[in-house]
Amino acid sequence: MSNPSTGTRHLLRLILRRDRIQLPLWMVGVGGMVTTSAITVPAVYNTPQKVAGYAATVGASPVSHLMSGRQAAIDTIGGIAANEVSQVAQLGICLMVMFQVVRHTRTEEETGRAELLRSTVLGRHAATFAGLGYAVLTALLIGGITTGALLSGGLEVTGSLTYGAGLTLLGICYAAVSLVAAQLSTSARGALGIAGAAIAVGYLVRGVGAMQDNALVWVSPFGWAQRMDAFGDERWWPALPLVVATAGLLALAAYLTAHRDFGGGLLQPRPGHSQASRSLGTSFGLALRLQRGMLIGWAGGLFLLALIYGAVIPTIPDLVKSNPDIRQYIGVSADAEQALINGFLRYILLFMAVVCTGFSVSSVLRLRSEEESGRAEPVLATGVSRTRWVAATVAVAGLGSLVLVILMGVGLALGYGLGMGQWDRVVAQVGAQVAYLPGVLVVAAFAVAVAGLLPRRSMLAWVLVAVVVFQTMLGQTLRLPDAVDAISPFWHLPGVPEQPFTPVPGLVELLLAAALVGVGLWGYRRRDLTSG
């Protein structure tokens with residue numbers, strides 16, 4: 001075919017048609033959280049004293065630097081709004097474009113739908129162009145919504161435009177990263193793993209560089225976008241590395257697309273054994289084998305994340321001593337420093353538990369993907385009952401979540417021990433991380449109930465994850481009503497180690513999780529299998 005882009009416009013229209021429900025959910029989810037924060041912040045910090053207090057505490061906090069970077073003009077209402085928006089907006093736009101690009105490129109090849117479309121009048125690169133164009137369009141929408149939200153909060157025009165432009169360029173950059181990942185892997189899950197790892201590395205590098213206030217922030221696309229200094233000096237030249245990196249990644253993706261077989265990838269899967277092990281003859285063994293790669297990937301990533309967070313803890317006392325504003329605010333006593341460390345630990349333990357809900361929901365929704373693909377029917381045609389089939393996947397999700405929280409606790413304890421030289425708190429720190437497990441299990445059980453009762457609306461399970469993320473990141477800052485905070489199961493759990501541990505809330509949530517799983521099993525037993 002003479003023109004490799006033939007049919008791109010029609011394919012883009014098909015994508016918009018298919019995502020007519022998913023796209024508004026992304027806009028409402030990411031855009032809604034950003035808008036709520038941007039509009040609420042000016043009303044919350046409405047006096048010079050409140051702004052100064054924020055700059056002296058949150059603006060100099062190691063937690064804030066690690067999670068949101070060093071925001072320019074943190075002693076202004078514009079800087080505060082940008083700082084509060086950053087974590088949700090930056091991670092949200094990157095994850096959004098990652099899922100969109102992989103969904104409309106590698107997933108289409110994996111399912112065979114792309115091959116059917118290519119048998120018509122469709123250019124070789126039309127799918128790639130359409131997937132990329134769709135991601136760019138949605139990044140522009142989120143950037144526009146963010147800019148509009150900042151302007152509606154009464155913030156200055158130049159700063160709002162600078163922030164929106166940096167956020168949009170960041171999203172487009174990681175859309176290009178996801179496009180490269182889709183060429184490397186032969187599966188959608190592998191592509192998501194590669195792109196997700198790239199996002200995590202960029203985010204962590206920026207965070208560590210911001211904490212240490214060194215040149216590491218210039219190694220990450222997150223740092224390039226933030227160094228545009230919205231509401232501060234408002235420099236536009238840091239956008240150049242984002243543009244150059246995006247162009248280079250797109251060129252690499254184009255080269256890989258042109259030099260690989262359709263359906264293939266640079267990273268070929270390892271062939272399996274000629275004979276299956278005995279464990280594959282059981283429902284649990286099959287479910288574990290199907291999710292082994294995902295579990296290993298999540299375990300490695302979260303362990304590394306916890307190790308880095310643990311290694312950061314020893315820098316907190318030095319930060320207190322070197323910053324007179326923090327020293328004046330919390331005091332200089334050992335108890336004050338330990339209280340700050342406990343506050344940091346509480347947020348990190350909670351944040352990592354919330355991240356773990358991503359695994360638990362993905363693991364549970366494997367039931368739905370097996371059902372849609374038709375692979376569930378041959379399994380259920382044997383002596384395996386629906387109850388055993390669902391229970392096996394639920395068990396993998398639950399035990400996998402337990403393994404992840406233990407590994408996160410061990411990683412945090414190792415990082416803390418290596419940095420502080422104190423190894424007497426390993427068990428306590430692992431136990432503190434496990435204390436947040438009931439919240440993870442409630443979110444996973446909600447996914448089971450949704451998949452059992454509303455199979456065609458199973459993606460609603462991610463709505464609870466979005467609510468939990470929003471409440472964790474912005475609930476305290478925005479001073480949400482208790483009724484809204486209470487939606488998150490983590491809000492009911494004791495905030496160890498800052499608060500004493502009490503077992504009752506966790507036990508209640510375990511009972512709630514068991515009840516939700518029971519509802520999901522009831523739904524699976526009463527309905528027909530659905531596909532497509």
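A nonpolar core, as the term is used here, is a set of buried Ala, Val, Leu, Ile, Met, Phe, Trp, Tyr and Cys residues joined through side-chain atoms within 4.5 Å. The structure on screen is a predicted model, and the tour begins with its largest nonpolar core, which has 137 residues.

Select Tyr309, Leu412 and Phe490, the residues with the most contacts inside that core, and then add helix H17 (residues 334-364), which supplies the largest share of the core with 15 residues. Centre the view on Leu412 and display its surroundings: leaving aside neighbours within four places in sequence, Leu412 is in contact with ten residues' worth of scenery that includes Ala306, Leu307, Tyr309, Gly310 and Ile313, and its contacts also include Leu345, Ile348, Leu349, Met352 and Gln429.Go next to helix H1 (residues 8-18), and select its buried residues, Thr8, Leu11 and Ile15. They lie on the same side of H1, because they cover an arc of only 65 degrees around the axis. Turning to the other side of H1, one finds Arg9 and Arg13, which are exposed. To see what covers the buried residues of H1, show helix H7 (113-118) and helix H8 (126-152), which are included in that cover.

Between H7 and H8, select Arg124, which lies in the loop that separates them and counts as partly exposed because its relative accessibility is 34%. Draw a C-alpha to C-alpha distance from Arg124 to Pro4: the two are 120 residues apart in sequence and 4.9 Å apart in space. Apart from neighbours within four places in sequence, the contacts of Arg124 are Pro4, Arg118, Thr257, Ala258 and Arg260.

Move on to the loop between helix H11 (221-226) and helix H12 (239-258), where Phe231 is placed and where Glu234 is also found. Although Phe231 is not a glycine, it has a positive phi of about 70 degrees, and Glu234, likewise not a glycine, has a positive phi of about 55 degrees. Phe231 counts as buried at 9% relative accessibility, and Glu234 is buried with a relative accessible area of 17%.

For a feature of the backbone, select Val496 and Pro497, which are joined by a cis peptide bond with omega of about 0 degrees; Pro497 lies in the loop between helix H24 (482-485) and helix H25 (503-526).

Finish at the surface by selecting Leu453, Leu454, Leu460, Val463, Val519 and Trp522, which make a nonpolar patch of about 510 Å². Within this selection, Leu460 is found in the loop between helix H22 (437-453) and helix H23 (461-478), and its relative accessibility of 36% is why Leu460 counts as partly exposed.

Notes. Residues are numbered from 1 along each chain as its sequence is written. This is a predicted model: local features need pLDDT of at least 70, side-chain atom pairs count only at pLDDT 80 or more; totals for chains, interfaces and linings use all residues. Side-chain values use heavy atoms; hydrogens and water are left out. Buried means under 20% relative accessible area, exposed over 50%, partly exposed in between (1.4 Å probe, protein chains only). Helices (H or I, at least four residues) and strands (E, at least two) are DSSP runs, numbered from the N terminus. Contact means heavy atoms within 4.5 Å. The arc is that of the directions from the helix axis to the C-beta atoms. Patches are made of residues with over 30% relative accessible area and no salt bridge: like charges are joined within 9 Å, nonpolar side chains (Val, Leu, Ile, Met, Phe, Trp, Tyr) within 5 Å. Accessible areas come from the Shrake-Rupley method with a 1.4 Å probe; for residues, only the protein chains shown count as cover. A salt bridge is a side-chain nitrogen of Lys or Arg within 4 Å of a carboxyl oxygen of Asp or Glu.
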